[in-house]
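Welcome, and please open your viewer. We will go from stop to stop, with something to select at each one.

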Amino acid sequence: MKGKKDTNFGAVSIDKSVIAQYAGAIAIESFGIVGMASVNVREGIVRLLRKDKLTNGIEVQISNDNKLIINFHVIVAYGVNIAAVADNLINNVKYSIREFCDMEVGKVNVYVEGVRSID
């Protein structure tokens, strides 16, 4: 399913992968986030993703009422307040996505998959 925004000139459809890429860029720029995590459920392995693979750590869903639900799997920096980092990420994502594609973000879930020290 694609996100849909009706305008005076017609309808605009936005693919979920576009929203995921933009959300990944927002996450990497957020304080306390070291990177996105790819979770191999079968083996229980968490890997830090390179910057070109940011969308693998993000899942975007679009509800029936055209609201976005975004799930982040992140790795945070050692020593930061995880609740503050998650709140910052949620607020940044809600504001930036609204400005980017004029769609409402209904829910942002942050799953902390690991902690890394910053080199």
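One term before we set off: a polar contact is a pair of N or O atoms within 3.5 Å, and within protein one of the two must be able to donate a hydrogen and the other to accept it. Please also keep in mind that the model on your screen is predicted.

**The whole chain**

Start with a cartoon view of the protein chain. You can pick out 2 helices and 7 strands. Followed from the N terminus, the elements run β-β-α-β-β-β-β-α-β. The chain has 119 residues, of which 35% count as buried. Switch to a surface and you are looking at about 7400 Å² of exposed area, with carbon and sulfur atoms supplying 47% of it. Contacts also reach across the sequence: taking those between residues at least 6 apart, 63% join residues at least 24 apart.

**Strand β5 and its hairpin**

Now select residues 58-62, which make up strand β5, and show the side chains. Which of them point to the buried face? Ile58, Val60 and Ile62 do, while Glu59 and Gln61 point to the other face and are not buried.

Add residues 68-77, strand β6. The two strands run antiparallel, joined by 5 bridges. Together β5 and β6 form a hairpin, and 5 residues lie between them. Click on asparagine 66 in the turn: its phi is positive, about 65°.

**Asparagine 71**

Stay on β6 and select asparagine 71, which belongs to that strand. Across from it, in β5, stands glutamate 59. Is asparagine 71 buried or exposed? It counts as buried because its relative accessible area is 7%, and the cut-off for buried is under 20%.

Next, show the side chain of asparagine 109 as well. A polar contact of 2.6 Å links the side chains of asparagine 71 and asparagine 109. Beyond its neighbours within four places in sequence, asparagine 71 is in contact with Gly57, Ile58, Glu59, Gln61, Asn109 and Tyr111.

**Glycine 32**

Move to the loop between α1 (16-29) and β3 (33-40), where you will find glycine 32. This residue is buried, with a relative accessible area of 11%. Setting aside neighbours within four places in sequence, its contacts are Ile75, Val76, Ala77, Val80 and Val85. Try a distance label from glycine 32 to alanine 84: these residues are 52 apart along the chain, yet their C-alpha atoms are separated by 8.9 Å.

**Asparagine 88**

Select residues 82-101 to light up helix α2, then choose asparagine 88 within it. What does asparagine 88 touch, not counting residues up to four places away in sequence? The answer is Ser30 and Phe31. The C-alpha atoms of asparagine 88 and phenylalanine 31 are 7.6 Å apart, although 57 residues separate the two along the chain. Asparagine 88 itself is partly exposed, with a relative accessible area of 27%.

**A patch on the surface**

For the last stop, select Tyr78, Ile82, Val112 and Val115 and turn the surface back on. These residues form a nonpolar patch, and together they have about 390 Å² of accessible area. Valine 112 sits in strand β7, residues 105-116. Why does valine 112 count as partly exposed? Its relative accessibility is 35%, which falls between the cut-offs of 20% for buried and 50% for exposed.

Note on methods:
Residues are numbered from 1 along each chain as its sequence is written. This is a predicted model: local features need pLDDT of at least 70, side-chain atom pairs count only at pLDDT 80 or more; totals for chains, interfaces and linings use all residues. Side-chain values use heavy atoms; hydrogens and water are left out. Patches are made of residues with over 30% relative accessible area and no salt bridge: like charges are joined within 9 Å, nonpolar side chains (Val, Leu, Ile, Met, Phe, Trp, Tyr) within 5 Å. Accessible areas come from the Shrake-Rupley method with a 1.4 Å probe; for residues, only the protein chains shown count as cover. A salt bridge is a side-chain nitrogen of Lys or Arg within 4 Å of a carboxyl oxygen of Asp or Glu. Helices (H or I, at least four residues) and strands (E, at least two) are DSSP runs, numbered from the N terminus. Buried means under 20% relative accessible area, exposed over 50%, partly exposed in between (1.4 Å probe, protein chains only). Two strands pair if DSSP finds at least two bridges between them. Contact means heavy atoms within 4.5 Å.
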